[in-house]
Amino acid sequence: MAYWYTVISLMCINTILAWSVYSSFMTGTVSLGQAGFFAIGAFASASLTAIYGWHIVPATMMGAVAAAIVGLAIAIPTLRLKGLYLTIATVAFVEVIRVVFHNIKYGRDGEFAIDASSADARQMPWIGPDGPLGFRHIIYLTEHHITPGEYAMWLVLLVIAFGVYFWVLERSRLGFAMRAVEEDEIAAQGVGLSHNFLKVFAFAIGAAIAGVAGSLYAHLLTFITGDDFNIPLTVMMLAYVVIGGGQTFWGPILGALIFTLLPEIARETKEFRLELFGIAMLATMVFRQHGLITRDMVRRAETRIKTAFTGRNTIGPDEPGAPAPNPTKK
Amino acid sequence: MTRAEPQDMLSAVAVTKAFGAHLALDNLSLAVTKGGVIGLIGPNGSGKTTLFNAITGIHSPTSGSLHFAGRDITGRASERIAQLGIARTFQNLKVFRRLTVFDNVLGAQNSASDMTMWQMLFSVRRNETPRRDRVEHILERVGLTDRRHALAQDLPLGEQRRLELARALAREPELLLLDEPAGGMTPQETDTMAELIHDVAEAGPTVFLIEHKMGMVMRLCRHIVVLNFGRKIAEGTPKQVQSDAAVREAYLGSVARHA
Ligand SMILES: Nc1ncnc2c1ncn2[C@@H]1O[C@H](COP(=O)(O)OP(=O)(O)O)[C@@H](O)[C@H]1O
Ligand SMILES: [Mg+2]
């Protein structure tokens, strides 16, 4: 059972990561930097809980803030560049962060040996990142007697909270503004929207969300190294969005769920994880350019649910769920 | 005219725009006074769109200055200029393609830019009845009521042009720049568009109109500015412009070149 709790926790973390990509995706920015923000959130929050004894909630928030600040520092100079340059800059950023955490060492000696029977029983464990050996002994959950089941439940609640954020965002004027920037920056400026501001904002929020996921991941795994946060990981996060669908926040959930569950259910596939990704990406590009879940599907589903609840079609003439009079939709 | 007069709605003072060695606008000065429709004509490549791009801050001028309602807007960010009360349409259609017709207009409304981020985040669509009513009203004016749920990209060209106009109207601008609003339209569509522009100008904003369809321009405009090679070669009433030798030369020359 504990194993499945861990799988559920990982699904939640991957969903949050997929949304962190989706945040800037809404303004038309493709970020390949999320693994870097994920790493910053992981190391920052784990440092606070393990070295300084913070509570996990403020530590996670600080991880998010740290990731957002770094996100701003990257976004402000690079978002002025056109799409591809930003993407390249974000890839380079992931590599820099990986190398930094691969080599950094800080922290303190632990209070007692973790494993008294081991050869170096008298040696106290190092609490904090230890260069290529990584950051071990992030034992917050065990120390505070949080069971895997409880942790999974908290993570599900957090996913719901982020889901509500995106649900509100997509229906708000701010969400429209982001979509308008994605569609056409010049026309968006023409209606008084600052595309620079919106893109930087969406990117920083995405960085913060990845920072939260980093904290959740570090405390779940108890052991992280700089090498965990590599370029294949960052590509996978983007793939969740591309395959699941980048038009609504539902798509990234599906993408993250499929690719977390598949290797668990069909064990044979685990070995070919990256290859499967490649094939799935290609298939998406060829057969479903907008991903598995499109905005149209969500609209139709919303209409059906409303009709089911009220017993009649109460969709006003100006509701987005109402059927379009022209049937030529893609 | 070499300096901005305070009573002008819009004025350009010695505006030059260079693309490399090519001068798309060459020391151009002009003024648009308040009210009615003012025409901007000239052969293809004469710099009409470039002037609109300079006014709306898409390309800041290489030299010279632009003034709107007594303010210097030279080199200001495009969205700031839009917020001051200038709206435009684009010759090469820039509707928000994957948004619905309704959302294109709703999201463009003036208040959007005055809201803070929090207000924008919590301004959930269905609680905005007055705004939605205004959108309905605008869609009715441009004749797109039936198409409100269609995605902008699925509209035929004529309807996309009307959607561009609707989106600009949603801004409730003081100055409306229309870049070939009847481009590629059938004669009937062109007539409808001409009527619409007439009504729009009657109701509020000053309209600055680029158009190749001379019948429409002559009928609508109280004043016309003629460009050639980025320079103003004539201006005046439709009558004055039509009988101007330099204008005839520019148009005949361009016809001969294109033939
Ligand atoms: N972004 C640009 N880069 C380079 N040249 C441009 C650009 N925009 C316009 N031009 C050039 O400036 C001249 C004027 O173009 P334009 O203003 O579009 O003419 P019009 O709208 O009167 O047909 C043309 O020669 C065109 O090639
Ligand atoms: Mg033009």
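In this predicted model, B:Gly85 counts as buried, because its relative accessibility is 13% and the cut-off for buried is under 20%. The residue sits in chain B, in the loop that runs between α2 (78–84) and β6. Measuring along the sequence, B:Gly85 and B:Glu235 are 150 residues apart, and their C-alpha atoms are 25 Å apart in space.

Just past β6 comes the metal site. The magnesium ion (ligand 2) picks up two protein donors, OG1 of B:Thr49 and OE1 of B:Gln91, at 2.0 to 2.1 Å. These two residues come from distant parts of the chain, 42 residues apart: B:Thr49 belongs to helix α1 (residues 48–55) of chain B, while B:Gln91 is in the loop between β6 (86–88) and α3 (101–108). Neither counts as buried, because B:Thr49 has a relative accessible area of 25% and B:Gln91 comes in at 30%, against a cut-off of under 20%. Both are therefore put down as partly exposed.

B:Thr49 turns up again around ligand 1, where the surrounding residues also include B:Phe19, B:His22, B:Ala24, B:Pro43 and B:Asn44. The rest of the list runs through B:Gly45, B:Ser46, B:Gly47, B:Lys48, B:Thr50 and B:His59. Three side chains there have polar atoms facing oxygen atoms of the ligand. For B:Thr50, a polar side-chain atom lies 2.5 Å from a ligand oxygen. For B:Lys48, an N or O atom of the side chain is 2.8 Å from an oxygen atom of ligand 1, and for B:His22 the corresponding distance is 3.1 Å. On its own, ligand 1 has 560 Å² of accessible area, and the protein covers 62% of that. Two elements of chain B, β2 (22–32) and α1, each give two or more residues to the shell. Of the elements, α1(B) gives the most, with 3 residues. Sorted by class, the shell is made up of 8 polar, 3 nonpolar and 1 charged residues.

Helix α1 of chain B also takes part in an aromatic contact, and here the picture widens to both chains. Over all chains, the structure holds 17 aromatic pairs. One of them, in chain A, is edge-to-face: A:Phe37 and A:Phe203 have their ring centres 5.7 Å apart and their planes at 80 degrees. This pair ties together distant parts of chain A, with A:Phe37 in helix α2 (residues 34–51) and A:Phe203 in helix α9 (residues 195–221), 166 residues apart. Both A:Phe37 and A:Phe203 are buried. In chain B, B:Phe52 and B:Phe208 make a tilted pair, 5.6 Å centre to centre with 45 degrees between the planes. Again the partners come from distant parts of the chain: B:Phe52 is in helix α1 and B:Phe208 in strand β8 (residues 206–210), 156 residues apart. B:Phe52 is buried, with a relative accessible area of 0%, and B:Phe208 is likewise buried at 0%. Back in chain A, one aromatic cluster brings together A:Trp19, A:Tyr22, A:Tyr165, A:Phe166, A:Phe249 and A:Trp250.

Helix α7 (residues 173–183) of chain A is mostly covered, with 10 of its 11 residues buried. Among the buried residues of α7(A) are A:Leu174, A:Phe176, A:Met178 and A:Val181, and also charged ones, including A:Arg173, A:Arg179 and A:Glu183. Where the helix starts, a side-chain oxygen of A:Ser172 reaches to within 3.2 Å of the backbone nitrogen of A:Leu174.

Finally, a couple of backbone angles are worth a look. Most residues other than glycine have a negative phi. A:Thr222 goes the other way, with a positive phi of about 65 degrees. This residue is found in chain A, in the loop between α9 and α10 (231–244), and counts as partly exposed because its relative accessible area is 29%. B:Ala14 also has a positive phi, near 50 degrees. Its place is in strand β1 (residues 10–19) of chain B, and B:Ala14 is partly exposed too, at a relative accessible area of 27%.

Definitions and conventions. Residues are numbered from 1 along each chain as its sequence is written. Chains are lettered from A and ligands numbered from 1 in the order in which they are written. This is a predicted model: local features need pLDDT of at least 70, side-chain atom pairs count only at pLDDT 80 or more; totals for chains, interfaces and linings use all residues. Side-chain values use heavy atoms; hydrogens and water are left out. Donors are N, O and S atoms within 2.8 Å of the metal (3.2 Å for Na, K and Ca); water is not among the atoms, so sites may look incomplete. Helices (H or I, at least four residues) and strands (E, at least two) are DSSP runs, numbered from the N terminus. Buried means under 20% relative accessible area, exposed over 50%, partly exposed in between (1.4 Å probe, protein chains only). A residue is near a molecule or strand if one of its heavy atoms lies within 4 Å of it. A polar contact is a pair of N or O atoms within 3.5 Å; within protein, one must be able to donate a hydrogen and the other to accept it, and residues adjacent in sequence count only if both atoms are side-chain atoms. Accessible areas come from the Shrake-Rupley method with a 1.4 Å probe; for residues, only the protein chains shown count as cover. Rings of Phe, Tyr and Trp (its six-membered ring) pair if their centres lie within 6.5 Å; planes under 30 degrees apart count as stacked, over 60 as edge-to-face and the rest as tilted.
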